[in-house]
Amino acid sequence: MRERKRERERKKKERGFEIERETTEGRARARTYSQSPPLFFDIYVREEMSIEALEIAPTTTKNDVETGNASGMMTTKPGAPAQPQPPITTTATTTSAPTTSTKSKGRLERTDTVHMNMTHIKYEKNPFVTWKAMVFNLISSLFGVLFLAITCALYPIYAFAIPRQVWTFLGEKGFGILYYIFANSNVLRYFHLRSIAKKHENDNGDVLRSIHSFTQTEMLSSAAVIPIPFLSDNYSYLIVDRQSKTAAVVDPSDPISALGVAQRVGVELKMILCTHKHHDHAGGNMRLKELMKNENLPVYAHTLDNCHGATHFVEHGDVIRLGEDVALSVLHLPCHTKGHIAFALHMKGSKNVESSDESTVEALFCGDVILNGGVGAFFEGCAKECALNLHKTLQNVPDSCLVFSGHEYMTMNLRFATYLDDDDDFTRLVLNTIVLTRNRSLATQPSSMKVERYANPFFRIRERAYAARLLLLRQKLQREAKRPWWRRYVPESRNRIGYYKELKSESILLDKIQREENAYNGTGGVGHAMPSKFIEDEDDLTMLIEVLKHVLTSGRNEYDFNEPTDSENIHFNDFMNALKAENDPNLMNRRIHQL
Ligand SMILES: [Zn+2]
């Protein structure tokens, strides 16, 4: 056992330091860590992370508090030029290798018990053993088989006779049944927890071996946020009240990592905050309670989502207090699921914490509503709800607010954003920074509301010129759409009226937007009333989101957004050359929320 460990260490040393690579091959997950960690980043949660690092600096001024920069540490206000950063902050020291225990005075001793002894993880109780679960699984499987049989039987009839709407209806119902099983059955949660436990067993107590990204602790005015990476692209977050050293954990779907991090940092877990019911967010709630041997740990979730293990049901506008200075208000953002909520962390000293005023939000834990540069799939909602979430509910959240989402999807999303608008300098800058960040295997979390508003297509559709461009692209794709070969054998669906109606209303919208744009620029158009800078009409925004979804689908058929294009590589090389010419480490190490 010890031999194996030593062997592993030796191999790691041989492989050496792979983080710094800045080529596109560097994307191949440079997971090794060595004597010198990459730049100033605090790699995941190293054992040097001490409770003292969370102390609030005594010299905090009111001004600092307002800019969310109380400790003068990592967070710089987006929009402001990047402030000079100390090479290593107090949250991490560079010298010791991760396997040596830190016992220096004033630091916590390693609390590695969770990480090292987790090889004896028990799996979640096997759901197949209870009769209830067996009946449920039997019925759900029967439904699945029945649906498949119906589909196969109906296909020939459909091909020649059944109009499009019937087929769409059946498809939706079929999807509905499968989704219901996915979201509500114990079986999937069982497999989810099993894969988590397996991963920890393979890691043999060393979580750094399999994490998908290295992360950095964010110091906010009264709280510290530690992102916890798990599975292939998921994140949960530990929110620590720096005053009382208590913590809340957002979506601890990997309960072992969540508890391990809390123990290592030395904070007391007070509550679980659950954004929505999917297993990769809510699946670990009960298991975490079991591991903590605390049946009474509160789990906050929305009334409409049947989150596993939820005990406290909240609604839009409710405020959850973690400590004296840390308050989280609940924002109901339905669409991905009916009861999807985001937790908004308010600034220290903000008078309106209790009234959950959005303008004092310092950080947003938004689950799958905003996925850094994109939005989560519309499983239980429609484009209208998405439009209201982004353009109404979140409209007062300040640009400086940090956005912590549930997945590491930003590269793919920004590739789509540049596919839509490759002339935009800001979008290009964000994508280049992301590529640099990912080449170093660092997390793209957090982004900021500014980045989302000016680079995320689902936010940008409110810009009139952008919307016009999008509608023109849709028309172009429509003209160029190839007739699939099988259409030669299968007749065109009888009812395409709805589809043509859709195209017609899109071209009407394009006309309207172009007229408004002309009026706004003072070159004629509607004339009588000066429109505002942005599109505000809910129905127009809804239609634009629909169009965006269509364009995303056809874009995906054409391009693989998981792979860089030649143009992206060329832009990235230019970006790196410019950075090297500047020779400014602050620019080189700039993070996404600092753009
Ligand atoms: Zn989800």
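This note goes through points of local geometry and packing in a predicted model.

1. Sheet order. Seven strands form an open sheet in the order β1-β2-β3-β4-β5-β6-β7, and the pairing is mixed. The edges are taken by β1 (218–219) and β7 (312–314); each has a single partner strand, so one side of each has no neighbour in the sheet.

2. The β2/β3 pair. Within that order, β2 (residues 223–230) and β3 (residues 234–241) are antiparallel and share eight bridges. For checking the register, Ala-223 is opposite Asp-241 in β3.

3. Helix α7 on the sheet. Helix α7 (residues 255–265) lies across four strands: β2, β3, β4 (246–250) and β5 (268–273). Relative to β2, α7 runs at about 140°.

4. Positive phi on either side of β4. Two non-glycine residues deserve a look here. Lys-245 has phi near 60° and sits in the loop between β3 and β4. Asp-251 has phi near 50° and belongs to the loop between β4 and α7. Are these residues buried or exposed? Lys-245 has 15 other C-beta atoms within 10 Å, so it counts as partly exposed. Asp-251 has 30 such atoms within 10 Å and is therefore buried, the cut-off for burial being 20 or more.

5. Helix α9. The buried residues in α9 (residues 285–292) include Asn-285, Met-286, Arg-287, Leu-288 and Lys-289. Their cover includes the helices α6 (186–203), α7 and α8 (279–282), together with the strands β5 and β6 (299–302). Helix α7, noted above for lying across β2 to β5, is thus also listed in the cover of α9. Just after α9, Lys-293 adopts a positive phi of about 55°.

6. Strand β11 and its partners. How many residues of β11 (residues 361–365) are buried? Five of the five are, so the strand is largely enclosed by the rest of the structure. Strand β10 (residues 341–346) runs antiparallel to β11, with four bridges joining them. Strand β12 (residues 402–404) runs parallel to β11, with three bridges. Ala-363 serves as a reference position for both pairings: Leu-345 stands opposite Ala-363, and Ala-363 in turn stands opposite Leu-402 in β12.

7. Helices α10 and α17. The axes of α10 (residues 383–393) and α17 (residues 538–558) approach within 8 Å and cross at roughly 115°. The two helices are therefore roughly perpendicular; the class runs from 65 to 115 degrees. The crossing is right-handed. On the α10 side the contact consists of Ala-383, Lys-384, Cys-386, Ala-387, Leu-388 and His-391, and on the α17 side of Glu-538, Leu-541, Thr-542, Ile-545 and Glu-546. By class these are six nonpolar, two polar and three charged residues. An α-helix has 3.6 residues a turn, so residues three or four places apart point the same way. The contact residues of α10 include Ala-387 and His-391, and those of α17 include Leu-541 and Ile-545.

8. Burial of α10. Buried residues in α10 are Glu-385, Cys-386, Ala-387, Asn-389, Leu-390 and His-391. Among the elements covering them are α14 (457–460) and α17. Cys-386, Ala-387 and His-391 appear both among these buried residues and in the contact with α17.

9. Helices α11 and α12. The axes of α11 (residues 410–420) and α12 (residues 425–439) come within 10 Å, with a crossing angle of roughly 155°. That angle makes the two roughly antiparallel, as angles over 145 degrees are classed. The crossing is left-handed. From α11, Met-410, Thr-411, Leu-414, Arg-415, Ala-417 and Thr-418 take part; from α12, the residues are Thr-427, Arg-428, Val-430, Leu-431, Ile-434, Val-435 and Arg-438. This contact has seven nonpolar, three polar and three charged residues.

10. A cis peptide. Which residues does the cis peptide bond join? It links Gln-445 to Pro-446, with omega about -10°. Pro-446 is in the loop between α12 and β13 (447–448).

Note on methods. Residues numbered from 1 in each chain as written. Predicted model: local features only at pLDDT ≥ 70, side-chain atom pairs only at ≥ 80, totals over all residues. Axes fitted to C-alpha atoms, helices over the stretch in contact; angles between N-to-C directions. Parallel < 35°, antiparallel > 145°, perpendicular 65-115°, else oblique. Left-handed = near helix turned anticlockwise from the far one by under 90°. Contact = placed C-beta atoms within 7 Å. Nonpolar A, V, L, I, M, F, W, Y, C, P; charged D, E, K, R; others polar. Pairing = 2+ DSSP bridges. Buried ≥ 20, exposed ≤ 12 C-beta atoms within 10 Å, placed from the backbone.
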